[in-house]
Structures are given as structure tokens and as C-alpha cells.
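Visitor: I'm new to this one. Could you take me on a close look at the place where the two domains meet?

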Amino acid sequence: MITYIIRRLFAAVVLLFIVSAATFAIFYLVPRLVGSTPETLATRYVGRAATPETVNLIAHKLGFYDPLWLQYGRWVKGIFLGAEYDYGAGVEHCPAPCFGYSFVTHQPVWPDLLDRLPVTLSLAVGASVLWLVFGLSTGVVSALRRGSVLDRAAMSFSLAGVSLPIFFTGMVGLLVFSYKLGWTAPGGTYTPFTESPIDWAYALLLPWLVLALQFSAQYARLTRAGMLETMGEDYIRTARAKGLRERDVNIKHGLRATLTPILTIFGLDFGLLLGGAVLTEQVFSLPGLGKYAVDAITNNDLPKVLGVTLMAAFFVVIANLIVDLLYAVVDPRVRVG
């Protein structure tokens, strides 16, 4: 077991390094391959009225003429030790961990990410609990009542949940439940958990339900398919022949064998949500990482986009590391692999 954990931790560290290199290449190497110059990159850090001489000077001061490997090394060093940005008008200090410095807002990116993270974390955790509870329970019941009216109704509802986009269900939910009936909080409402847990849950209830609707539908169909395949295996019939209760057969043997693919998808989904639920945060005007990334793209603020991208990749890698470790609990056979 210890060897398995060490291997997964080492693989996660290597993957984070690869992801950081690929992320840096996307923002700095790919533009050069399509014809961008150091001056083109430097225009993102100066005003539109800057003269060509000023742009050229900024490109030299920010190191855009240096070899790409040197720029990447400087960028990684900034994450651990901090960085200094000389953009002509002065030198800006970015303390560690430095995920970049925005010359649009004249602020380091990392504090902004920390301010937005609790919103996205609250959205992701609440929605994931709902979609796991509803998705797994619906899938199990549908599999055990295959062909019944309940099975057909649940799968039809799941199909609708998968098919309808979040921006549609979100706007309809706001129109009906917030502005017509007044049952839920309107868009743009968020209260930190530390201030009032009740107001926090009330503000996020509708975003949780909208986000969980789409994901729970996918998990319900996946659970149903896995349960239908598992319940026909020989070891299920053996468990019943031993006289085990039907509930133990369904949960301890049937559902447990179905959890491995569900854990895999959950790790990806939860990691991506922590990187920013873009559509949900945009529809409900929640000040999370997703809306932060959209605003950064709109303002052509490259350091912010790079910071959100790297944080999203980090969460995906960490979520999948946790999933790999949970495999050993759900299915002991993976400890040998």
C-alpha cells in the first residue's frame, strides 16, 4: 500500500511539471509559432497608445527576447521565490507564490485567485454532494427496477438533464424560482460561509441545483449501466446463495464494483469545477474563478488567464491523485497494480 501511494505521489509531481510546461508553452510558445513577436507579447503589458520604442523597451525588460527555456525557468522560480517585474515605469514586486502580475489592475494574480477560490469551492462542493446523492441513488433504483415506470421516468429525466445546457436551465431557474416565486436568491448574491452559513447556503441553493441537475443525470445513467452489468455476475449469485440480505448484496457487492468508473469521472469533474465553473458563475454572476477567467479574457489580461489555467490544472491533477488513492479502498486489487 505504501509503495502504491509513493508511486502515485511521484506520478502526480511529474504530471504537474508537465502540465506547467505545457501551460507555459500554450501562452508563450504557440503565439511565436503563429507569427507573434516579443513586441506583440509586450503590448499586453502596456497601453494601446504606447510608441514602438516603448513596446520594444518593455519586451527587453520583461525578458521576452530571452530563450524560452530561460523564461520558463524564471516563471517557475517566481512561483516558489517570487518575482520582480520591470515594465519601464517602475519595478513591481510579486511575492511568492507568484502566478503572474497583472499590469491592467497593477496587482499580483495569486491574491485574486485566493479571494475567488472560496466561491468556486463552495459551488463545487455543494453541487458535487447533490449530484452524487441523487445520481447514485437514482441509478441504483433504476437498475433494480429495470423496465418499470420508475426506471423509465428516471432515465427520461436524466436524458433531459444531460441535454439541457446550464445557461438555459440557469436562466429559467432564475426567472421562475428567484424572480417569479421568490424562493431562491437572485443572481449576483453571495455571502461568505464565515459570515452566515444560512445565507451562504441560501445564495448558492439554485446554482447547486442547476449544476447538480446536469451532472447527476450523467452519474445516474452510468450507475444504472454499471449495476445492470454487475448484478448478473457469478459472485452476485454466490452472495445471494450464501443467504446475504438483498441490501448487502446490492450495496456491498453490486454498487461497490460500480464505483471505480464513477470515481474516475468524479475526479475529473470535481477538479474541473474547482478550476472554475465558467457557465454557472456567469449565469448567476458569482465572483468565482470562472467569472474571473472570463473577465481576464475580455480585458486581454494574460497573467490572470495563465494563473487560472495553472490553478485549474493543479486541481485536476490533485483530484485524480485522490481518486487513485481511493481506488485502493474501493477495489483492493489495484494495490498490486
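Guide: Let's start with a term we'll need: a salt bridge here is a side-chain nitrogen of Lys or Arg within 4 Å of a carboxyl oxygen of Asp or Glu. Keep in mind, too, that you're looking at a predicted model. With that rule in hand, go to the interface of domain 1 and domain 2, and you'll come up with zero salt bridges across it.

So what are the two parts? The domain assignment splits the protein chain into domain 1, covering 1–94, and domain 2, covering 109–334. Their C-alpha centres sit 33 Å apart. Where they meet, 17 residues of domain 1 are in contact with 16 residues of domain 2. Together the two domains bury about 1,600 Å² between them, and carbon and sulfur atoms give 82% of that area. If you want residues to click on, try Tyr-4, Phe-27 and Arg-44: on the domain 1 side, these supply 35% of the area buried against domain 2, more than any other three residues.

While you're here, have a look at a helix pair as well. Helix H9 (residues 197–230) and helix H11 (residues 246–274) have axes that come within 9 Å and cross at roughly 145 degrees. The crossing is right-handed. On H9, the residues making the contact include Leu-211, Phe-215 and Tyr-219, while those on H11 include His-253, Pro-261 and Phe-266. Sorted by class, this contact of H9 with H11 has 12 nonpolar, eight polar and one charged residues.

Technical notes: Residues are numbered from 1 along each chain as its sequence is written. This is a predicted model: local features need pLDDT of at least 70, side-chain atom pairs count only at pLDDT 80 or more; totals for chains, interfaces and linings use all residues. Side-chain values use heavy atoms; hydrogens and water are left out. Axes are lines fitted to C-alpha atoms, for helices over the stretch in contact, and angles run from 0 to 180 degrees between N-to-C directions. Helices (H or I, at least four residues) and strands (E, at least two) are DSSP runs, numbered from the N terminus. A crossing is left-handed if the near helix is turned anticlockwise from the far one by less than a right angle, and right-handed if clockwise. Contact means heavy atoms within 4.5 Å. Ala, Val, Leu, Ile, Met, Phe, Trp, Tyr, Cys and Pro count as nonpolar, Asp, Glu, Lys and Arg as charged, and the others, Gly among them, as polar. Domain bounds come from an automatic or database domain assignment. Buried area is the accessible area (1.4 Å probe) that two parts lose on being put together, summed over both.
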